[in-house]
Number of protein chains: 2
Amino acid sequence: MESSQQGSSRKRLLDVSARLFRELGFHATSMRDIARAAGMRPASIYHHFDSKEAILRELMWGFLVELLSSARDAAARAHDARGRLGAIMRTHIRLHATKATLAFVADTELRALQGVAQQEILMLRDRYEELLQDVLRHGVEEGTMHLGDVKLASYQLLAMGTGVVFWWRPEGRLSLEAVVDQYVEAALRMCGIAT
Amino acid sequence: MESSQQGSSRKRLLDVSARLFRELGFHATSMRDIARAAGMRPASIYHHFDSKEAILRELMWGFLVELLSSARDAAARAHDARGRLGAIMRTHIRLHATKATLAFVADTELRALQGVAQQEILMLRDRYEELLQDVLRHGVEEGTMHLGDVKLASYQLLAMGTGVVFWWRPEGRLSLEAVVDQYVEAALRMCGIAT
DNA sequence: CAATTAACCTAACGATCGTTCGGCAGGGAG
DNA sequence: CTCCCTGCCGAACGATCGTTAGGTTAATTG
């Protein structure tokens, strides 16, 4: 009933699509590009996915779901606002660095989705932002954080953190842990928390 | 020798192209889209520009040149590292907020340029980053700034600041001045400078 | 006046796009 | 064995792409 290669072509299509979407952009990547990189013919892709947009949809949805659940788990393990902020930033940087290809696509190709597909992704992103904003709001109310507008601060933190996908490489000068630490410290400082 | 409408079509083409490139992305925008929005026929665009990529090239180059020269001027008017950092961030946010369409395109469509055109833009971006990194390095040497890796810090600051194009609208809840102030304060805090 | 040029047009070029149709191989099920 | 389903294929569909060739108009120049 189940072949030993079950889903292997599908997974390979997702992998090469993510890589191509990152390198060329969604609209500059053709189904023929994807097929060639996956070792099959363009028509065969449609045995696994309904459309080119469906591939992008699955890539973005998968990453954002993992990002959101990781952040929730990390925040739940901390016991105060400062700890939760640090935990969220830590998982944010770690996930964006280790899955940079997916993260890059998820952060830059939202325009390419249409209608309800785009709204579904926006819904996940909103929940993620609200998770962070709740932490910031609690920190301000507790008096442990000192910042201006909470929403603005959340945009600052997320933009800063997401930026790691644009430059960090595992073989580069800085280790993942060193990078994560400096991002977390920057986040805490931005919120008026001494380290 | 000079018509009273000199360059008005050209300017209009740049304006509508920037708007379309931001809304749809470069590759999802067709020459026919641009022509329709500018009130002319596709073939007429080629009287003003050599190619679709040439339009993008001019948009990105123009914005980055203005960004770089504005930052240089602002930094020159300050007299210490802290003042220069604040001045650079202030002009960065202000320019990204007031020219958000251009800034968005310049920050997201680098992939769409090919060969030497892309390298020319990268050269400008590198000079901009170096301007900021010099300020940070001086601040660390003076002892007025306390941060880990200087390059990493510059990426954090620029990613945070550039992010303003993704959410701020002039008709929104927060005024430009309030937004600029919170970004500058966040930058100073990130660099270990008390406010 | 004639000559030139800027600005724009219609029409069409070849290429490439996402997608679909119909079929073929092969392995498991009845 | 026959039947069916999975996975993949060749071939082609209509649409759209960036771009070009050649022509028209109106204004400017000498």
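Visitor: Which residues are closest to DNA strand C?

Guide: This is a predicted model, and in it the closest ones are Tyr46(A) and Lys52(A) from one chain, with Arg41(B), Ser44(B) and His48(B) from the other. The full set surrounding DNA strand C is 16 residues.

Visitor: How much of the DNA side of that is sugar and phosphate?

Guide: Of the atoms of DNA strand C that come within 4 Å of the protein, sugar and phosphate make up 56%.

Visitor: Which polar atom of Arg41(B) faces a phosphate oxygen, side chain or backbone?

Guide: Backbone: a polar backbone atom of Arg41(B) sits 2.6 Å from a phosphate oxygen of DNA strand C. With Lys52(A) the side chain does the job, an N or O atom there being 2.7 Å from a phosphate oxygen. His48(B) also uses a polar side-chain atom, 2.7 Å from a phosphate oxygen of the strand.

Visitor: Which helices supply that surface?

Guide: Helix 2 (31-38) of chain A and helix 3 (42-45) of chain B each put in at least two residues. By class, the surface near DNA strand C has seven polar, five nonpolar and four charged residues.

Visitor: Staying on helix 2 of chain A, what do Asp33(A) and Arg36(A) do?

Guide: Their side chains form a salt bridge, 3.4 Å from N to O. The two are three residues apart in helix 2 of chain A, so about one helical turn separates them.

Visitor: And how many salt bridges are there over all chains?

Guide: The whole structure has 24. Four of the salt bridges found are between chain A and chain B. One of those pairs is Arg111(B) with Glu109(A), where the closest N and O atoms are 3.3 Å apart.

Visitor: OK, on to the protein interface. How many residues does each chain bring to the contact?

Guide: Chain A brings 33 residues and chain B brings 33. About 2,500 Å² is buried between them, and carbon and sulfur atoms give 57% of that.

Visitor: Which three residues of chain A supply more of its buried area than any other three?

Guide: Arg111(A), Gln182(A) and Arg189(A), which supply 27% of what chain A buries against chain B.

Visitor: What about polar contacts across the interface?

Guide: There are 16 residue pairs in polar contact between chain A and chain B, counting pairs with both residues at pLDDT 80 or more. On the chain A side, helix 1 (8-24), helix 8 (150-162) and helix 9 (176-190) each supply at least two residues of the touching surface. Helix 8 gives the most, with seven residues. Sorted by class, that side of chain A has 17 nonpolar, eight polar and eight charged residues.

Visitor: How are the two copies related?

Guide: A turn of 180° with a shift of 0.0 Å along the axis lays chain A on chain B, with an RMSD of 0.0 Å. That is the relation of a two-fold axis. The same surface serves both copies, as 100% of the contact residues of chain A recur in chain B.

Visitor: Which residue of chain A comes closest to the rotation axis?

Guide: Met160(A), whose C-alpha is 2.2 Å from the axis.

Visitor: Last one: what does chain A come to in helices and strands?

Guide: Nine helices and zero strands. Read from the N terminus, the elements run α-α-α-α-α-α-α-α-α, and the C-alpha trace of chain A spans about 60 × 40 × 35 Å along its principal axes.

Technical notes
Residues are numbered from 1 along each chain as its sequence is written. Chains are lettered from A and ligands numbered from 1 in the order in which they are written. This is a predicted model: local features need pLDDT of at least 70, side-chain atom pairs count only at pLDDT 80 or more; totals for chains, interfaces and linings use all residues. Side-chain values use heavy atoms; hydrogens and water are left out. Contact means heavy atoms within 4.5 Å. Buried area is the accessible area (1.4 Å probe) that two parts lose on being put together, summed over both. A polar contact is a pair of N or O atoms within 3.5 Å; within protein, one must be able to donate a hydrogen and the other to accept it, and residues adjacent in sequence count only if both atoms are side-chain atoms. Helices (H or I, at least four residues) and strands (E, at least two) are DSSP runs, numbered from the N terminus. Ala, Val, Leu, Ile, Met, Phe, Trp, Tyr, Cys and Pro count as nonpolar, Asp, Glu, Lys and Arg as charged, and the others, Gly among them, as polar. Copies are superposed by least squares on the C-alpha atoms of residues with pLDDT of at least 70 in both. A residue is near a molecule or strand if one of its heavy atoms lies within 4 Å of it.
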